[in-house]
Amino acid sequence: MIKKTLFEKIIDREIPAKIIYEDDLCIAIEDINPQAPVHVLLIPKKPIEKFSDFKKTDSNLITHLFLKVNEIASICNIPENFRININNGSEAGQEVFHLHIHILGGREFSWPPG
Ligand code: AMP
């Protein structure tokens, strides 16, 4: 049996999380180690390891996720000012190898990132 990712365990309610939003294709949870007053992880239920693994056949899912970003930003009362971030690969800071979009807001952000 293939080992479940951390986020699959959260989706299957084997590990607790604060769920902000859920539908058939994705789940949004509060990050356990928030880097801003709002820090949500938007996670496809399909366990794609990382962004660069997206295939053309995932087009509907990609559209769904990006439209959900705006909806979740509104749910979290940060509809106009937020940052989205995807760490792709360990050198880019990815620690959990189940694709997720960070949605951060509630403070000012600087650029470039570290
Ligand atoms: P990344 O470094 O892009 O892979 O991001 C992984 C994120 O998952 C980090 O921001 C962690 O704080 C977060 N994280 C790790 N474990 C949990 C958990 N059990 N519940 C919620 N967020 C988590």
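This briefing walks through the ligand, its pocket and a few backbone details of the structure above. The model is predicted. The ligand sits in the largest pocket, and the protein buries 85% of the 510 Å² that the ligand exposes when taken alone. Away from that topic, there is a cis peptide bond from Trp 111 to Pro 112, and two residues other than glycine, Arg 13 and Asn 77, have a positive phi.

**Who surrounds the ligand**

- A good place to start is the shell of 16 residues around the ligand, where Asp 31, Asn 87, Gly 93, Glu 95 and His 102 come nearest.
- By type, this shell divides into seven nonpolar, six polar and three charged residues.
- Two elements give two or more residues to the shell: α1, which spans 6–11, and β2, which spans 26–30.
- Helix α1 provides the largest share of the shell, with three residues.

**Polar contacts of the ligand**

- The side chain of Asn 87 has an N or O atom 2.8 Å from an oxygen atom of the ligand.
- With Gly 93 the partner is a polar backbone atom, and it lies 2.8 Å from a ligand oxygen.
- Val 96 also takes part through its backbone, where a polar atom is 2.9 Å from an oxygen atom of the ligand.

**The pocket itself**

- The largest pocket holds about 890 Å³ of space.
- Its lining is made of 33 residues, and those closest to the pocket centre are Asp 31, Gln 35, His 39, Asn 87 and His 102.
- If you like to trace elements by eye, look for α1, β2, β3 (38–44), β4 (82–85) and β5 (101–105), which each give two or more residues to the lining.
- Sorted by type, the lining has 16 nonpolar, 11 polar and six charged residues.
- Asn 87 is worth finding on screen: Asn 87 is among the residues that come nearest to the ligand, and Asn 87 is also one of the residues closest to the pocket centre.

**Backbone details to look for**

- As background, most residues other than glycine have a negative phi, and most peptide bonds are trans.
- The bond from Trp 111 to Pro 112 is cis, with an omega near 5°.
- You can find Pro 112 in the segment after β5.
- Arg 13 is not a glycine, yet its phi is positive at about 65°.
- To locate Arg 13, follow the loop between α1 and β1, the strand at 19–22.
- Asn 77 likewise has a positive phi, near 65°.
- This residue, Asn 77, belongs to the loop between α2, which covers 59–75, and β4.

Methods
Residues numbered from 1 in each chain as written. Predicted model: local features only at pLDDT ≥ 70, side-chain atom pairs only at ≥ 80, totals over all residues. Heavy atoms only, no water. Near = heavy atom within 4 Å. Polar contact = N/O pair within 3.5 Å; in protein donor to acceptor, adjacent residues only side chain to side chain. Areas by Shrake-Rupley, 256 points an atom, 1.4 Å probe, with all protein chains shown as cover. 1 Å grid on protein atoms, 1.4 Å probe; cavity = no way out; pocket = protein on both sides within 12 Å on 5 of 7 lines; lining within 4 Å. Sits in = over half its atoms within 2 Å of the grid points. Helix = DSSP H or I, 4+ residues; strand = E, 2+ residues; numbered from the N terminus. Nonpolar A, V, L, I, M, F, W, Y, C, P; charged D, E, K, R; others polar. Points joined across faces, edges and corners; volume = space filled by probe spheres on them.
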